[in-house]
Amino acid sequence: MSELKFVGHDEIRIDGKPKITGAAQFVDDLDFGPGLLYAEIVESPLAHAEIKSIDTGKAEQMPDVVKVVTGKDFPFRFGLYMHDRFVFAQDRVRFVGEQVAAVIARDPVTAKKAAKLVKVRYHELPAILNVEDALKPHPLLIHPDLKSYKHVPWFFPQVNTNIAHWRKVRKGDVEAGFKQADLVFEDTYTVPRYAHCAIETHGAVGHHDYSGRLTVWAASQSPFTQRNLFAEALAPLGLSHKDVRVIAPFVGGGFGGKAGVSMEILAAALATAVQGNPVKILWSRAQEFYNTYQRQGLTAKTKIGVKKDGTIVALEQTLHWDAGAYVEYGANVVNAAGLSATGPYRIPNVKIDSCCVYTNLPPGGPYRGFGYSEFLFGLESHINETAKKLGLDPVEFRRRNAIQEGDPLTYGSKMNPSGLIECIDKAAEAIEWSKKEPSENPKTVRGKGFACFWKAPAMPPNASSTAFIKFNEDGSLNVLVSAMEIGQGFQTVMAQIAAEVLTVPLSKIRVELPDTDRNPYEWQTVASHITWGTGNAVKRAAEDCREQILELVERALGKKREDFYLESETVRSRSEADFALPLRDFAINGIMMKDGTYRGGPIVGRGMFMPEFSSALSDAETSQGGKPNVHYTVGAAAVEIEIDKETGRLRIPRVALAVDVGKAINPGLVRNQVVGGLVQGIATALYEDMRFDAKGRLLNPNFTDYKIPTAMDVPERVIPILVEVAQPDGPYGARGVGEHTMIPAAPMIANAVENALGIRIKSMPITAEKIALAIKHKR
Amino acid sequence: MPILSEFEYFKPSSVREAVRLLSKYKKPAVLAGGTDLINNLKEEIDQPDAVIDIKGIKELGGITYKNRVLTIGAAVTFSELLDSRVIQSRFPVIAEVAKTVGSVGIRNRATMAGNICSAVACADSGPLLAAYEALMLVHGPKGKRRALAAKWFKGNKRTDIKKAELVTAIEIPLPARRHAGCYVKLGRYSGEDLAQASVLILALPGKQYRVALGAVSPVPVRASKIERLLNGQDLSDQLIAKCQALIPGLISPITDIRATKEYRVHMCQVMFARGIRAAASRFSGNGPEYGVNLI
Amino acid sequence: MKKKLSFVLNDRKITLEVEAQDVLLEVLRDKLGVKSPKCGCDRGDCGSCTVMISGKTVRSCMVLAVEADGQRLTTLEGLMKEGQLTPLQQSFLEHNSFQCGFCAPGVILAATELLERNPKPSGDEIKEAISGNLCRCTGYLPIVEAIANVNNALTPPGRERLGKKVRS
């Protein structure tokens with residue numbers, strides 16, 4: 001096989017030019033003409049209350065107000081994995097900021113003013129603001145109707161409790177394992193909530209035209225999933241899937257927050273209330289903080305049993321997730337984490353209880369890492385402590401227990417090919433792990449930290465991707481997929497795959513943004529699975545085109561197709577050196593025969609990829625027997641820090657992250673994910689800090705007080721390391737990476753802090769204040 | 001986010017005209033950089049009946065140094081302070097303070113006068129002007145007056161300004177033939193932040209010092225007690241420790257979502273120690289460059 | 001209170017009537033169709049609304065439209081003469097600096113302002129100059145690299161180099 005010409009190279013992004021010229025359009029940039037209406041939401045000021053009455057009279061009377069709607073106008077449940085949510089609160093509100101009503105007006109100022117005139121009377125209920133209170137015996141039930149909620153078969157809601165889902169994993173015999181162990185050690189780790197903070201806020205425009213078509217333009221990672229949920233939720237209004245169209249322009253950052261359906265359903269629903277006019281709803285930054293998915297909080301109790309030589313024999317994890325008021329998406333985070341909370345290690349006896357707990361806080365949901373960052377903080381901290389107690393080097397400890405290809409996973413099936421050992425070795429080498437480098441400054445102290453990570457895409461077993469490829473008259477291509485360009489650069493990667501198969505250069509390939517009318521189905525752009533799933537679909541579509549081309553050439557010219565191949569946009573022959581038939585000559589027009597008739601016609605390729613080996617069915621009490629995860633991407637990260645002992649401030653001279661991507665289709669873009677992910681992860685470790693008051697109100701819904709990294713906050717040196725142990729079912733061997741680069745950040749920092757100071761901090765964030773005061777109190 | 005309230009807008013070209021407008025309206029707001037006011041308008045914290053834009057008044061736009069007094073016009077931005085040659089050469093600690101305010105895009109608009117008129121407890125200009133014993137030049141219907149910094153700040157977001165008055169300049173007297181200084185500001189990370197605590201130190205000839213603390217009381221604190229201990233003495237670890245011990249008694253920091261009281265007190269002590277050594281060594285000519293972050 | 005404004009936007013003269021309380025960002029986007037400045041936070045914290053007034057970057061969400069009267073405004077669209085990318089934009093393109101692109105217009109203006117004052121900035125100077133522009137995707141290093149390489153300044157140590165440079 002000759003060298004790859006496009007795949008594996010650092011191609012320039014094909015969406016680069018629109019973005020650096022300002023041409024790239026995001027949802028708020030789209031124009032809808034003078035008929036556009038604006039919606040403003042009326043929100044609950046209380047965390048938990050019954051709605052007694054809503055008086056919309058004054059608001060409705062305001063000039064230029066078109067309509068005021070409340071929950072009773074849309075009594076439809078919806079949700080991705082569980083139907084526990086309404087478009088507007090019905091009989092009660094469950095978190096501060098929950099939408100109770102909406103005003104639709106001709107201009108934003110009127111909408112805002114009128115929204116203030118809507119009077120809602122509440123009967124306040126006690127609010128449950130932490131997991132402990134939610135789990136007390138005979139608790140106040142946040143969802144008394146839990147029993148009646150439709151949900152996917154792999155969820156296990158506990159009726160008459162606030163536990164929306166309980167994932168139980170039982171492998172081997174942990175009690176026996178602990179008995180065999182030379183050391184048994186238990187501790188508790190807490191991780192608070194975090195916000196995605198994409199710089200573009202959520203927004204959507206809905207238009208229900210007079211023919212009955214509903215179109216929604218949304219800043220969304222999931223146009224087809226949104227179409228599905230809109231069609232399901234609004235079916236009582238007579239809409240079917242074909243009548244619902246979702247168009248997604250460029251998205252200004254997703255990180256999971258723009259997946260599924262959160263506020264976008266408002267655009268769909270409100271559009272039906274003002275048929276004929278498009279209506280826009282755009283979230284403010286404050287709403288972005290308190291009324292979109294948040295990364296859930298976690299309290300993790302971890303108990304490990306190990307032999308003197310460092311072999312892990314047993315692991316018990318009790319994971320209690322603060323999942324918020326609605327868990328239609330977040331419960332799957334709890335599920336995914338539960339299945340993988342062993343980390344990338346070979347452990348024969350495992351007991352995991354991962355509980356999704358309702359609280360009166362904003363809904364938890366998908367966030368880059370999907371539960372793995374949360375549980376890995378505790379697990380990787382615990383592993384370090386365990387190694388320390390045994391007097392073993394923490395890197396060596398991990399190498400000894402590292403999961404290898406073929407090892408059994410927590411739920412029975414087997415680990416895919418993985419270069420974890422190579423990642424461990426390379427990450428350690430990159431920061432000279434064994435070299436002790438004491439600080440030259442008496443006020444500071446240096447340390448090194450390490451963490452391994454893994455993650456599998458958390459998807460339903462039938463998550464699929466499809467692709468169309470159309471040739472144009474000049475031999476250029478349009479690739480139609482419904483994956484979303486949220487910044488990761490997937491469009492370029494798809495173009496590289498199509499280019500490799502069809503020998504058309506990237507400058508002649510466009511990858512189109514999703515329009516559910518025109519682009520074929522994609523489940524969602526989440527789970528770091530697009531390169532793998534959509535990449536496979538695009539490769540198949542390109543191969544389909546190539547098949548059509550070769551078949552046509554054979555039929556038209558009467559020669560054997562095995563003789564032909566593609567090179568530089570031309571059909572060439574192995575036996576006739578002079579033979580050259582440019583694709584542009586026939587890709588639309590077909591090939592003309594001697595008698596003037598034509599053969600062929602427009603070349604249009606189709607590809608579809610859906611894994612047929614994945615299953616969510618397993619034993620409800622043990623999780624054994626399923627194959628819920630298609631494969632894991634693994635890696636390791638190492639960091640060198642320097643702490644100022646008086647201020648607690650931490651600087652990062654060097655951080656390395658090695659990840660096994662199977663095949664880096666565009667290595668530069670993968671390295672970019674490493675930089676971006678590490679910076680985001682390090683911020684959660686050091687200063688991102690969500691604060692709620694005693695009544696469940698978010699105190700810092702802005703960038704003034706929820707700090708995300710600036711250019712001055714980046715580590716001094718970032719060392720991305722790409723390892724390539726091929727994924728057999730991936731396009732060119734590629735495996736997903738996107739979320740992964742954030743996952744090891746927090747535990748790696750916690751471990752480095754412990755290494756530097758001998759102080760183990762078990763709760764996030766590990767702020768300068770926490771460190772300084774811990775040092776002070778230690779004295 | 002649109003601004004819901006409606007107001008008149010004026011851009012007078014003289015101080016006199018501005019004062020006249022301020023007298024005429026019941027709830028006027030002065031607009032210079034807008035980085036505080038516009039946000040307050042959006043959040044409905046301020047609902048003025050008129051906005052008086054002072055950027056059209058030429059005499060408010062200059063930085064002058066005459067008779068050993070630095071005069072900073074009310075419309076002078078933090079960026080202009082950074083670019084000023086006279087400040088760089090004679091009052092470098094002012095540039096050090098200016099550099100910590102927001103980021104370039106904020107500094108291109110925000111003014112020191114606006115900062116001291118909003119008088120939020122964490123204002124960076126507060127301890128600066130307290131230490132320099134600066135004067136606010138104020139014009140009003142009854143004429144003009146000067147208010148000493150120590151009398152200017154009355155409480156969190158409260159100043160000595162009276163109805164229809166306009167701050168037209170800040171006057172900073174040169175404290176000595178030669179002096180050095182240091183500003184240390186506590187933030188949560190390396191990017192722009194509002195001070196959770198700040199220390200401003202001036203080192204004057206004869207081992208004289210001026211010490212002011214910001215963001216740890218409703219108004220900037222001039223630490224005269226500490227100055228009395230320091231003045232005339234060589235700096236030593238013991239002397240610095242004695243000064244640090246006085247700090248908790250001089251300040252009244254709060255615990256909020258940005259920092260706890262304990263950390264603020266602790267950091268004031270750390271920042272004082274580093275700041276005073278830096279100021280003293282800068283005075284001797286061998287200190288760290290201005291603008292280097294000491295914490 | 002209605003006000004008549006007259007100003008120059010991207011080298012073109014504009015006359016417009018606005019209300020005193022209209023914010024510049026919204027007037028640019030909704031009345032003049034200039035979409036490159038974005039609304040990310042509405043408080044001046046994120047820099048995505050950045051435009052230039054007389055060559056200086058400002059947060060247009062913190063400026064009243066009336067303040068533009070008599071001024072010279074520049075947005076990203078105005079940096080390009082006859083559709084030609086500036087060397088800075090070309091450098092961003094070649095370094096694959098941006099991901100989602102939402103922060104790009106603000107960053108490009110901030111970097112343009114920097115390079116005009118200081119054609120060969122150090123890595124720290126670059127980071128400080130763009131520290132008011134929040135980017136959630138990139139971790140900034142590819143942006144810093146691209147700015148540093150426009151005038152062949154030393155590549156700051158940061159991210160190990162991108163591998164061979166690109167082709168289109």
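**Exercise 1. Two helices of chain B**

In this predicted model, determine at what angle helix α11 of chain B and helix α12 of chain B pack, and which residues make the contact.

*Solution.* Begin with the two elements, which are helix α11 (residues 237-250) and helix α12 (residues 261-283) of chain B; they pack at an angle of about 145 degrees, and their axes are 9 Å apart. Next take the handedness, for which the crossing of α11(B) past α12(B) is right-handed. Then list the residues in contact, counting a pair when the C-beta atoms, placed from the backbone, lie within 7 Å: α11(B) contributes B:I240, B:C243, B:Q244, B:I247 and B:P248, while α12(B) contributes B:V265, B:C268, B:Q269, B:F272, B:A273 and B:I276. Finally, sort these residues by class, which gives nine nonpolar, two polar and no charged residues.

**Exercise 2. Contacts between chains**

Describe the contact of chain A with chain C, stating how many residues each chain gives and which element supplies the largest share of the side of chain A.

*Solution.* The count comes to 53 residues from chain A and 50 residues from chain C. On the side of chain A that touches chain C, at least two residues each are supplied by α1 (16-21), α15 (667-686) and β30 (718-723) of chain A. The largest share of that side belongs to α15(A), with ten residues. Sorted by class, the side of chain A that touches chain C holds 24 nonpolar, 17 polar and twelve charged residues.

As a further step, turn to chain B, of which 19 residues are in contact with 23 residues of chain A. The side of chain B that touches chain A divides into eleven nonpolar, four polar and four charged residues.

**Exercise 3. Domains of chain A**

Using the domain assignment of chain A, find how far apart the C-alpha centres of domain 1 and domain 3 lie, and characterise the contact.

*Solution.* The assignment gives domain 1 (16-23 + 463-609), domain 2 (32-125 + 202-282) and domain 3 (297-459 + 616-778) of chain A. Between the C-alpha centres of domain 1 and domain 3 of chain A there are 39 Å. Their contact takes 17 residues from domain 1 and 18 residues from domain 3. On the side of domain 1, two or more residues are given by α13 (490-502) and by α14 (530-557) of chain A, and the largest share, five residues, comes from α14(A). By class, this side of domain 1 has seven nonpolar, nine polar and one charged residues.

**Exercise 4. A sheet and the helix across it**

Work out the strand order of the open sheet in chain A that contains β23, and say which helix lies across its strands.

*Solution.* The three strands follow the order β22-β23-β24 with antiparallel pairing, and the edge strands, each pairing on one side only, are β22 (564-567) and β24 (580-582) of chain A. Neighbouring strands are turned by 30 degrees against each other on average, direction ignored. Strand β23 (residues 570-573) of chain A pairs with β24(A) over three bridges, and A:T570 has A:P582 as its bridge partner in β24(A). The helix is α14(A), which lies across β22, β23 and β24 of chain A and runs at about 130 degrees to β22(A).

**Exercise 5. Strand partners in chain C**

Identify the bridge partner of C:V51 in β4(C) and that of C:I53 in β5(C).

*Solution.* Strand β3 (residues 50-53) and strand β4 (residues 56-59) of chain C pair in the antiparallel sense over four bridges, and within this pairing C:V51 is matched by C:V58. The hairpin of β3(C) and β4(C) has two residues between the strands, and C:S54 takes a positive phi near 50 degrees there. β3(C) also pairs in the antiparallel sense with strand β5 (residues 72-74) of chain C, over two bridges, where C:L73 is the partner of C:I53.

Methods
Residues numbered from 1 in each chain as written. Chains lettered and ligands numbered in written order. Predicted model: local features only at pLDDT ≥ 70, side-chain atom pairs only at ≥ 80, totals over all residues. Axes fitted to C-alpha atoms, helices over the stretch in contact; angles between N-to-C directions. Left-handed = near helix turned anticlockwise from the far one by under 90°. Nonpolar A, V, L, I, M, F, W, Y, C, P; charged D, E, K, R; others polar. Domains from an automatic or database assignment. Pairing = 2+ DSSP bridges.
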